[in-house]
Amino acid sequence: MAIELKMPALSPTMEEGTLAKWLVKEGDTVKSGDILAEIETDKATMEFEAIDEGIVGQILVAEGTDNVKVGTVIATITGEGEEAAAPAPAAAPAKDVAPAQAGAVSANAPTPAVPASAGTTEKAAPTERASDPAIPAGTAMVRLTVREALRDAMAEEMRADDRVFVMGEEVAEYQGAYKVTQGLLDEFGARRVIDTPITEYGFAGLGAGAAMGGLKPIIEFMTFNFAMQAIDHIINSAAKTNYMSGGQMRCPIVFRGPNGAASRVGAQHSQNFAPWYASVPGLIVIAPYDAADAKGLMKAAIRSEDPVVFLENELLYGRGFDVPDLPDHVLPIGKARIMRAGSDVTIVSYSIGVGLALEAADQLAAEGIDAEVIDLRTLRPLDTATVLASLKKTNHLVIVEEGWPVCSIASELAMVAMEQGFDDLDAPVLRVCNEDVPLPYAANLEKAALIDAPRVVAAVKAVRNRG
Amino acid sequence: MAKAPARSTAAPKKTASTPAPATNREGPRDPIPYDATPAELEKFYREMLLIRRFEEKAGQLYGLGLIGGFCHLYIGQEAVAVGLQSALDGDKDSVITGYRDHGHMLAYGIDPKVIMAELTGRAAGISRGKGGSMHMFSVEHKFYGGHGIVGAQVSLGTGLAFAHKYRDDGGVAMSYFGDGASNQGQVYESFNMAELWKLPIIFVIENNQYAMGTSVNRSSAEDQLYRRGESFRIPGMQVDGMDVLAVRGAAEAALEWVRAGKGPVLMELKTYRYRGHSMSDPAKYRSREEVQAVRDKSDALEHLKRVMEGAGIGEDKIKDIDKEIRAIVAESADFAESAPEPELHDLYTDVLVEQY
Ligand SMILES: Cc1ncc(C[n+]2csc(CCOP(=O)(O)OP(=O)(O)O)c2C)c(N)n1
Ligand SMILES: [Mg+2]
């Protein structure tokens, strides 16, 4: 009785991986806990352990193979007696399983490992965008993931300014829970890349104090869900210092980390806090979409004399984008960017929603609707001028936000349109937001709760039908 | 009482527990290892094995993509939940923990089928598919979760204890948290109130030596965590969490103190997690050898097996239990794979209790 070993899903976002190395060979006897192989996921190299006892039958996927889909049978184990028989998930005898046809997840698995949430799937090529006027024409580009771009931004600023340091949970030796600080400890050492205990309130306050004392801290929250422990210091300490001191005492600090829904991590770990922070005078709030903006705005955030809340997105970390190959790519804070020029409708978004808006714009283009897509990039101060200028041109506004609808950036922008763009509106402003519920865990419910491109397309059609 | 086998450096040296350092303050009596009957030994073994096999199966289902998101396995720590909860009064006492919660639920006798179905996000799951691995609750069993925010369960558990005292119902709250969680500020705010108001709570630090990739000595100025309550006058006990009988014995001493109205006790259970922090942890912060040494020398199940042999429980009996547990786990996995997903309208239910 052979057990099929399948390419495991080893992270919430993994869909395929590289079979880096086999640590056993055919004929080896293995027991539970033995390491069979090393597998590279989207985030890290993981060891794949044996769960059953038995003898390695066939190795079906050679080491060094890239892009092995989760669920592909990679080897078989011949079990001994019932010990091994019990967990065997598949009925096919090992010999008949050719690697090529073995790609499916076992028949009784209703949902494959593909993350269910909207926008989580890797797009091979992100929709082409209008070039950024802040970047000189003809600038050479390099392909970087958002994760690498953020890391490079921090590293460049740390090289340039000894006052800059990084502090947070698992930022140093572990290389970052999401690997955003990868390599920083090696380059800058333990004086400047500092692992903290799990004590967000404490280290956010310590960071704010260090900033008041003349340093330039980058405080990483493993995710912004945990910054709730520390929000008091972000709002009561960092945001108000300059004002309360009549401009004497500053707090130049960056609070950064992933924000918004990830994949299947449930209600306490999937929240977009952008509207919370964006409502606070005294803070700068940045939420970039692509790698070029992530880099340019992170550098600007670190240089700023004001406290910055820098909201990243876990699902975007692994996406690749063109980034200007410049020695010092810094972007202005407070400027939105037209990602796609269009004349029929304005779609405004930020963070992961921008990708969905661009996807929707492509579909709409195929149907003859020419959408302009604006990435806000900075949420406080909000670049209302860019939005209003676009509205003047298209007369229709849809806001796309991966977050709750109530008291959102969307509701703020709708108000801006009312107050300052009323005469340009041919139809009421529409918003595409997540469902107004805590995010559920179940795959189908999570998918239903989160925004996706079809919902954006539908909203654009609805707004166009109103005038 | 069988002697514990040699221990690795990662696990504690003593079989029972160390009382708080010399102090003239009163504290719980010195605990003694629990003197279990053969039937009780079998019960402990059955419960611990169920946790281990259940967690292994959950790991497999994760690898198949049937479980998503974060999934924190309890493998290695089984003796803690089983030993402690066996000493509680299921009708009166309450339990709360963090996200590594499957074991505590199984130790409470909650049906493995509805736990596994929650892990796969199905309507039959204990949170109807809405909570997932980290967010499971059973009010019926006075199990209050299942919390994803590190440290939250300590204040919440203190609140459960407050409710016991307020209602004078004789119940004790048990709040489990990790070595990493023990650095959160709210833990100390809770300690102060719990002792100040003599609340009936046992604070349980499951010291599995790591918080994600950070070892205790990299995060804790006082790494003898059982002493963390001293400045609040909370007596501390350090217990070998790999020995279910030591755990149970210590729980009884702690419960005597708390039930007598003398206020909280802080127990540090020295234990070890064999797997990564969650399914996506490459675990580069410790060596294979370290993990293997604990498995070889200190494994809680192997230790208990030796005690059972000493008590005259034969290998056949143990094999029978193994078989029985495998069947239960296989059944729960089948159930969890085949049960339907929630209905879409469930997305909007349970947000609030009442209609306005
Ligand atoms: C407030 C908060 N900060 C950070 C996290 C991320 N996180 C989840 S578990 C964990 C490690 C906790 O370690 P420990 O308390 O030792 O418990 P163990 O996982 O070992 O059971 C961290 C940092 C979180 N969930 N909540
Ligand atoms: Mg721990």
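The C-alpha centres of domain 1 and domain 3 of chain A are 44 Å apart. This is a predicted model, and the account below covers the layout of chain A, its salt bridges, the helix packing in chain B and some unusual backbone geometry.

**Layout of chain A**

Chain A is split into domain 1 (3–96), domain 2 (141–324) and domain 3 (337–466). Its secondary structure consists of 13 helices and 22 strands. Of the 467 residues in chain A, 61% are buried. Among contacts in chain A with a separation of 6 or more, 77% are between residues 24 or more positions apart.

A:Ala291, in helix 8 of chain A, gives a local example of such long-range packing. The relative accessible area of A:Ala291 is 0%, so this residue counts as buried. Leaving out residues up to four places away in sequence, A:Ala291 touches A:Leu144, A:Thr145, A:Val146, A:Ala149, A:Phe321 and A:Val323. The C-alpha atoms of A:Ala291 and A:Arg147 are 7.7 Å apart, although 144 residues separate the two along the chain.

**Salt bridges**

Over all chains, the structure holds 49 salt bridges. Three of them are listed here with their N to O distances.

| Pair | N to O distance |
|---|---|
| A:Glu156 and A:Lys295 | 2.7 Å |
| A:Arg337 and A:Asp290 | 3.0 Å |
| B:Lys198 and B:Glu195 | 2.6 Å |

What does the salt bridge between A:Glu156 and A:Lys295 tie together? A:Glu156 belongs to helix 2 (residues 146–160) of chain A and A:Lys295 to helix 8 (residues 291–303) of chain A, so the pair joins parts that are 139 residues apart in sequence. A:Glu156 is buried at a relative accessible area of 17%, and A:Lys295 is buried at 5%. Both residues also belong to a network of salt bridges that links A:Glu156, A:Glu157, A:Lys295, A:Lys299, A:Arg303 and A:Asp328.

In the salt bridge between A:Arg337 and A:Asp290, the partners again come from distant parts of the chain, 47 residues apart. A:Arg337 is in strand 17 (residues 337–340) of chain A, while A:Asp290 is in the loop between strand 14 (284–286) and helix 8 of chain A. Both A:Arg337 and A:Asp290 are buried.

The chain B pair has mixed exposure. B:Lys198 counts as partly exposed at 35% relative accessibility, whereas B:Glu195 is buried with a relative accessible area of 10%.

**Helix packing in chain B**

Helix 1 (residues 38–63) and helix 8 (residues 244–259) of chain B pack at an angle of about 105°, and their axes are 11 Å apart. Helix 1 of chain B is therefore roughly perpendicular to helix 8 of chain B. Helix 1 of chain B contributes B:Leu41, B:Phe44 and B:Met48 to the contact, and helix 8 of chain B contributes B:Val244, B:Leu245 and B:Arg248.

Helix 4 (residues 112–119) of chain B is largely enclosed by the rest of the structure, because six of its eight residues are buried. The buried residues are B:Pro112, B:Ile115, B:Met116, B:Ala117, B:Glu118 and B:Leu119. They pack against helix 1, helix 3 (102–107) and helix 11 of chain B.

Helix 11 (residues 315–338) of chain B contains B:Asp322. Which side chain of opposite charge is nearest to B:Asp322? It is B:Lys305, at 5.0 Å; B:Asp322 is buried yet has no salt bridge. The cut-off for a salt bridge is 4 Å between nitrogen and oxygen, which means that a separation of 5.0 Å does not qualify. Apart from neighbours within four places in sequence, B:Asp322 is in contact with B:Tyr45 and B:Leu49.

**Backbone geometry**

Most residues other than glycine have a negative phi, and most peptide bonds are trans. Several sites in this model depart from that pattern.

A cis peptide bond joins A:Arg380 and A:Pro381, with omega about -5°. A:Pro381 is in the loop between strand 20 (378–380) and helix 10 (384–394) of chain A. In chain B, B:Gly145 and B:Gly146 are also joined by a cis peptide bond, with omega about 25°. B:Gly146 lies in strand 3 (residues 143–146) of chain B.

A:Lys179 is not a glycine but has a positive phi of about 65°. A:Lys179 is placed in the loop between strand 10 (164–168) and helix 3 (184–188) of chain A, and counts as buried at 9% relative accessibility. B:Met212, also not a glycine, has a positive phi of about 55°. B:Met212 sits in the loop between strand 6 (210–211) and strand 7 (214–215) of chain B, and is buried with a relative accessible area of 18%.

Key. Residues are numbered from 1 along each chain as its sequence is written. Chains are lettered from A and ligands numbered from 1 in the order in which they are written. This is a predicted model: local features need pLDDT of at least 70, side-chain atom pairs count only at pLDDT 80 or more; totals for chains, interfaces and linings use all residues. Side-chain values use heavy atoms; hydrogens and water are left out. Domain bounds come from an automatic or database domain assignment. Helices (H or I, at least four residues) and strands (E, at least two) are DSSP runs, numbered from the N terminus. Buried means under 20% relative accessible area, exposed over 50%, partly exposed in between (1.4 Å probe, protein chains only). Lys and Arg count as positive and Asp and Glu as negative; His and the chain ends are not counted. Contact means heavy atoms within 4.5 Å. Axes are lines fitted to C-alpha atoms, for helices over the stretch in contact, and angles run from 0 to 180 degrees between N-to-C directions. Angles under 35 degrees count as roughly parallel, over 145 as roughly antiparallel, 65 to 115 as roughly perpendicular and the rest as oblique.
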